[in-house]
Amino acid sequence: MPDIRFIFCHGNGVMLILLGRIAGFLDYPAVGQQRLDAMFPDGIRAEFSKLYFDCAQAYAPEIFDMLRKIVPKSQLLFGSDYSYIPIRHGVGQFGKLALPASTRTMILGGNAAALLPRWQA
């Protein structure tokens, strides 16, 4: 269903590093190129880039940079992992990232407002 938008938590955990493995299944007998093409006509990375991600616990620069290389900034949402971890932790980690002000604004709330317009104040 093309109108469904999925939001995955924690920058989708290990999925970022599994993308290369999934793409490499083209020579795997149980999957192969034909099956991968049927499941992901534009490639696995193109399909992955359509998803949305909250970035709770994904603010380590190397993880966040990897996520940004695959996912458009419009698909990233601020996340804090509250109530398990104090909100100041996520805010502090996010604040340390070297981001343009416009990207920071998008992630801190602009993207969520665009994704969920009926919840805007």
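Here are three short exercises on a predicted model, each with a worked solution.

**Exercise 1.** Find which residues of helix H1 are buried, and work out how they are arranged around the axis.

*Solution.* Start with helix H1, residues 15-23: its buried residues are Leu 16, Leu 19 and Ile 22. These cover an arc of only 100 degrees around the axis, so they sit on the same side of H1. A helix rule helps here: an α-helix has 3.6 residues a turn, so residues three or four places apart point the same way. Next, turn to the other side of H1, where Ile 17 and Arg 21 are exposed. Finally, look for the partners: the buried residues of H1 pack against helix H2 (32-39), H3 and helix H4 (61-70).

**Exercise 2.** Decide whether Ser 49 is buried or exposed, and describe its surroundings.

*Solution.* First locate Ser 49: the loop between helix H3 (44-48) and strand S2 (52-54) holds this residue. Its relative accessible area is 18%, and because buried means under 20%, Ser 49 is buried. Now follow the side chain of Ser 49, which reaches the backbone oxygen of Ala 46 at 2.8 Å. Leaving aside residues up to four places away in sequence, Ser 49 touches Ile 70, Val 71, Pro 72 and Gln 75.

**Exercise 3.** Classify Phe 6 by its accessibility, then find which surface patch includes this residue.

*Solution.* Begin with position: Phe 6 lies in the segment before strand S1 (7-8). Its relative accessibility is 46%, and because partly exposed covers the range between 20% and 50%, Phe 6 is partly exposed. Then add Ile 4 and Phe 8: together with Phe 6 they make a nonpolar surface patch of about 270 Å².

How values were computed. Residues are numbered from 1 along each chain as its sequence is written. This is a predicted model: local features need pLDDT of at least 70, side-chain atom pairs count only at pLDDT 80 or more; totals for chains, interfaces and linings use all residues. Side-chain values use heavy atoms; hydrogens and water are left out. Helices (H or I, at least four residues) and strands (E, at least two) are DSSP runs, numbered from the N terminus. Buried means under 20% relative accessible area, exposed over 50%, partly exposed in between (1.4 Å probe, protein chains only). A polar contact is a pair of N or O atoms within 3.5 Å; within protein, one must be able to donate a hydrogen and the other to accept it, and residues adjacent in sequence count only if both atoms are side-chain atoms. Contact means heavy atoms within 4.5 Å. Patches are made of residues with over 30% relative accessible area and no salt bridge: like charges are joined within 9 Å, nonpolar side chains (Val, Leu, Ile, Met, Phe, Trp, Tyr) within 5 Å. Accessible areas come from the Shrake-Rupley method with a 1.4 Å probe; for residues, only the protein chains shown count as cover. A salt bridge is a side-chain nitrogen of Lys or Arg within 4 Å of a carboxyl oxygen of Asp or Glu. The arc is that of the directions from the helix axis to the C-beta atoms.
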